[in-house]
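Visitor: I am new to this protein and should like to understand the terms used to describe it. May I see it?

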Amino acid sequence: MTRRIEMRCTYCGSTDVRHDASAEWDPEAQDWVLVDTYDHSWCNSDKCDGRETCSIAPFDIDTGEELREPPDSFEYIPKAEADVLWAAERERWMAERAARKAREKHEQHIGEIEKTLAAAHLPFGSKSESLDHSI
Ligand SMILES: [Zn+2]
């Protein structure tokens with residue numbers, strides 16, 4: 001069964017919400033036709049009246065459950081389940097970031113060792129080269 005969704009204001013619960021979009025004139029239909037939707041939504045109820053602080057969220061019409069998109073999917077699932085998946089996703093990002101930082105620090109340390117070794121061997125190398133010329 002396809003989930004039926006409604007958008008509601010999370011502050012006042014109203015379904016009188018609006019969404020940014022653009023339309024183009026359709027001469028066949030003799031009307032403006034929706035061509036694209038953007039990211040911004042707002043509540044149009046008398047209580048909120050377009051306030052920037054309210055947020056619009058999807059809800060399941062049949063169960064009343066608040067919904068969210070899980071990581072890597074555009075199919076809405078119950079918010080509680082999505083929150084668990086997003087928390088795991090954030091932990092994975094943090095672990096990847098920590099591993100990347102550790103790798104960078106390790107590479108930086110190796111770079112410092114290489115510089116130190118190169119600096120220690122350069123005078124020696126120069127001497128042996130000058131010795132070779134004298135032979
Ligand atoms: Zn509202």
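Guide: The following conversation takes up the overall make-up, a hairpin and several single residues.

Guide: This is a predicted model, in which local features need pLDDT of at least 70 and side-chain atom pairs count only at pLDDT 80 or more, while totals for chains, interfaces and linings use all residues. Residues are numbered from 1 along each chain as its sequence is written.

Visitor: What makes up the secondary structure of the protein?

Guide: There are one helix and six strands. Helices (H or I, at least four residues) and strands (E, at least two) are DSSP runs, numbered from the N terminus. Along the sequence, these elements follow the pattern β-β-β-β-β-β-α.

Visitor: Why is strand E2 said to lie largely in the open?

Guide: A residue is buried if 20 or more other C-beta atoms lie within 10 Å of its own, exposed if 12 or fewer, and partly exposed in between, with C-beta atoms placed from the backbone. Strand E2 covers residues 17-26, and of these 10 residues the number buried is zero, so the strand lies largely in the open. In the protein, buried residues make up 4% of the 135 residues.

Visitor: How do you know that E2 and strand E3 pair?

Guide: Two strands pair if DSSP finds at least two bridges between them. Nine bridges join E2 to E3 (residues 31-43), and the two run antiparallel. One of the bridge partners in E3 is Cys-43, which faces Val-17 in this sense. The hairpin of E2 and E3 has four residues between the strands.

Visitor: What is notable about the phi of Gln-30, and why is Gln-30 called exposed?

Guide: Gln-30 is in the loop between E2 and E3. Its phi is near 55°, a positive value in a residue other than glycine. Gln-30 has 7 C-beta neighbours inside 10 Å and therefore counts as exposed.

Visitor: What makes Asp-72 exposed?

Guide: Asp-72 has 7 other C-beta atoms within 10 Å, and is therefore exposed. Asp-72 is in the loop between strand E5 (67-68) and strand E6 (77-78). Although not a glycine, Asp-72 has a positive phi of about 65°.

Visitor: Why is Ala-88 called exposed?

Guide: Ala-88 is found in helix H1 (residues 79-134). With 11 other C-beta atoms within 10 Å, Ala-88 is therefore exposed. The C-alpha atoms of Ala-88 and Pro-71 are separated by 9.6 Å, and the two residues are 17 residues apart along the chain.
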